[in-house]
Amino acid sequence: MKSIMPVLSVQDVRKHFTLHLRSGQALPVLHGVSLDVHAGECVALVGASGQGKSTLIKCLYGSYGVDSGRILFASEQGGAPVDLAQAQAQQVLDLRRRELAYVSQFLRALPRVGALDVVAERLLQADPLLLSGQVDDAGWQAAQLTARARVAELFARLNLPEAIWDLPPATFSGGEQQRVNIARGFVQPARLLLLDEPTASLDAMNRRVVIEMIAAAKAAGTAIVGIFHDEEVREAVASRCVALPPAAQPERILV
């Protein structure tokens, strides 16, 4: 049963990009997007390529600003919903540590850091005691071991070869990198999970694993917004589909 208040409420969001190499043309990408997402629901964004699906995901995560509109997120901490379109950078970072997770199309990780530690860092950043510095060296080491053990379980489930777990992901194949990306998005329970083509580089066996992981997240009450070009995956995980309104044609910005 849906809760009365959605976890996420997107209200008339609009965004354009300025094409400075094209005489300052404005390229409208999001043209009045509105949608609500409740706990335990997976909303799939659909529409033609270039219609702004990935741009909207980045706006929801706070990576892109918007021209107008509101992105209201009901934090599990209570209080009034946070407008992610207007929130300060530190507030967005805090929410990312505790409540927001994002699986992008491409893995971005620190160079020379092993895959286990890349994902374990997500768990360690969410621990309030570690963040506050209230643990000694022994406590920190114990937390690292616990986090790495949790990541190892996920890597095994995603059929990532154990021989490469301690290697930097930059050396991995595209499918291996994507499985590290997926592990990082799912390792810490999230209130809002954003998925941008999570299975694009995966074989059939690992697609089924990700479908199971999404189903488990929904059952745990996570609100999910995703892009799934694979129709089989979309039909398996989506509670409903939302088509984005078409954007207007590029226009010249007058200065």
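**Pockets and backbone of a predicted model**

Modeller: In this predicted model, helix H3 gives the largest share of the lining of the largest pocket, namely five residues.

Colleague: What volume does the largest pocket have?

Modeller: The space in the largest pocket is about 710 Å³.

Colleague: Which residues lie nearest its centre?

Modeller: They are Tyr61, Arg108, Arg122, Gln125 and Arg184, out of 25 lining residues. By class, the lining of the largest pocket comprises 12 nonpolar, five polar and eight charged residues.

Colleague: Which elements each supply at least two residues of that lining?

Modeller: Helix H1 (53-61), helix H2 (89-98), strand S6 (100-103), helix H3 (115-125) and H6 each do so.

Colleague: And the second largest pocket, what is its volume?

Modeller: The second largest pocket has about 260 Å³. Among its 15 lining residues, Arg150, Phe186, Pro189, Met213 and Ala217 are the closest to the centre. Two or more lining residues come from each of H5, H6 and helix H7 (204-219).

Colleague: Turning to H5, how far apart are its end C-alpha atoms?

Modeller: They are 30 Å apart, which agrees with the 30 Å that 21 residues should span at 1.5 Å a residue.

Colleague: Which residues of H5 are buried?

Modeller: Ala143, Ala147, Val151, Ala152, Leu154 and Phe155 are buried.

Colleague: What phi does Asn159 take just after H5?

Modeller: Asn159 has a positive phi of about 60°, although it is not a glycine. Most residues other than glycine have a negative phi.

Colleague: Where does Asn159 sit?

Modeller: Asn159 is in the loop between helix H5 (137-157) and helix H6 (174-186). Its relative accessible area is 32%, so Asn159 counts as partly exposed.

Conventions
Residues numbered from 1 in each chain as written. Predicted model: local features only at pLDDT ≥ 70, side-chain atom pairs only at ≥ 80, totals over all residues. Heavy atoms only, no water. Helix = DSSP H or I, 4+ residues; strand = E, 2+ residues; numbered from the N terminus. Buried < 20%, exposed > 50% of the residue type's maximum accessible area, 1.4 Å probe, protein only. Expected span 1.5 Å × (residues − 1). 1 Å grid on protein atoms, 1.4 Å probe; cavity = no way out; pocket = protein on both sides within 12 Å on 5 of 7 lines; lining within 4 Å. Points joined across faces, edges and corners; volume = space filled by probe spheres on them. Nonpolar A, V, L, I, M, F, W, Y, C, P; charged D, E, K, R; others polar.
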